[in-house]
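Trainee: Could we go through how the labels on this model are earned? I would like to see the reasoning behind each one.

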Amino acid sequence: MWRTLLTGKLTISILASCFVGYLCLMHPAKHEVEASETARWYALGVFFFVLAIAQVTAVVLISKRK
């Protein structure tokens, strides 16, 4: 039962991370910002996508342990 709850929470977190990462990557394209600020937005976007990948890895590892 705890695996089901953890997998559900991680699924929601994966979706949220992908959504926030997408927004961070699209922010500089919609607004005129300086180069240093653009780099920060891209870094945030990449961070959230890497976080989503780590969470997918956790779900896969949890699923294999059954």
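Mentor: Gladly! Let us start with contact, which means heavy atoms within 4.5 Å. Keep in mind that this is a predicted model.

Trainee: Which residues does T38 touch, leaving aside those up to four places away in sequence?

Mentor: With those set aside, T38 touches P28 and V33. T38 itself sits in helix α2, which covers residues 35-64.

Trainee: Why is T38 called buried?

Mentor: Buried means under 20% relative accessible area. T38 has 16%, so T38 is buried.

Trainee: What makes the link between the T38 side chain and the backbone oxygen of E34 a polar contact?

Mentor: The cut-off for a pair of N or O atoms is within 3.5 Å. The T38 side chain reaches that oxygen of E34 at 2.8 Å, so the pair meets the distance limit.

Trainee: Now to Y22, in helix α1 (residues 2-30). Why does Y22 count as partly exposed?

Mentor: Partly exposed lies between the buried limit, under 20%, and the exposed limit, over 50%. Y22 has 47% relative accessibility, so that label fits. Y22 also helps make a nonpolar surface patch of about 460 Å², together with F19, V20, L23 and M26.

Trainee: How many aromatic pairs does the structure hold?

Mentor: One. F47 and F48 form that pair, and its geometry is edge-to-face.

Trainee: How do you know that F47 and F48 are edge-to-face?

Mentor: Ring centres must lie within 6.5 Å, and planes over 60 degrees apart count as edge-to-face. Here the values are 5.3 Å centre to centre and 75° between the planes, so both conditions are met.

Trainee: And what makes F47 partly exposed?

Mentor: F47 has 48% relative accessibility, so F47 falls between the two limits, under 20% and over 50%.

Technical notes:
Residues are numbered from 1 along each chain as its sequence is written. This is a predicted model: local features need pLDDT of at least 70, side-chain atom pairs count only at pLDDT 80 or more; totals for chains, interfaces and linings use all residues. Side-chain values use heavy atoms; hydrogens and water are left out. Helices (H or I, at least four residues) and strands (E, at least two) are DSSP runs, numbered from the N terminus. Buried means under 20% relative accessible area, exposed over 50%, partly exposed in between (1.4 Å probe, protein chains only). A polar contact is a pair of N or O atoms within 3.5 Å; within protein, one must be able to donate a hydrogen and the other to accept it, and residues adjacent in sequence count only if both atoms are side-chain atoms. Patches are made of residues with over 30% relative accessible area and no salt bridge: like charges are joined within 9 Å, nonpolar side chains (Val, Leu, Ile, Met, Phe, Trp, Tyr) within 5 Å. Accessible areas come from the Shrake-Rupley method with a 1.4 Å probe; for residues, only the protein chains shown count as cover. A salt bridge is a side-chain nitrogen of Lys or Arg within 4 Å of a carboxyl oxygen of Asp or Glu. Rings of Phe, Tyr and Trp (its six-membered ring) pair if their centres lie within 6.5 Å; planes under 30 degrees apart count as stacked, over 60 as edge-to-face and the rest as tilted.
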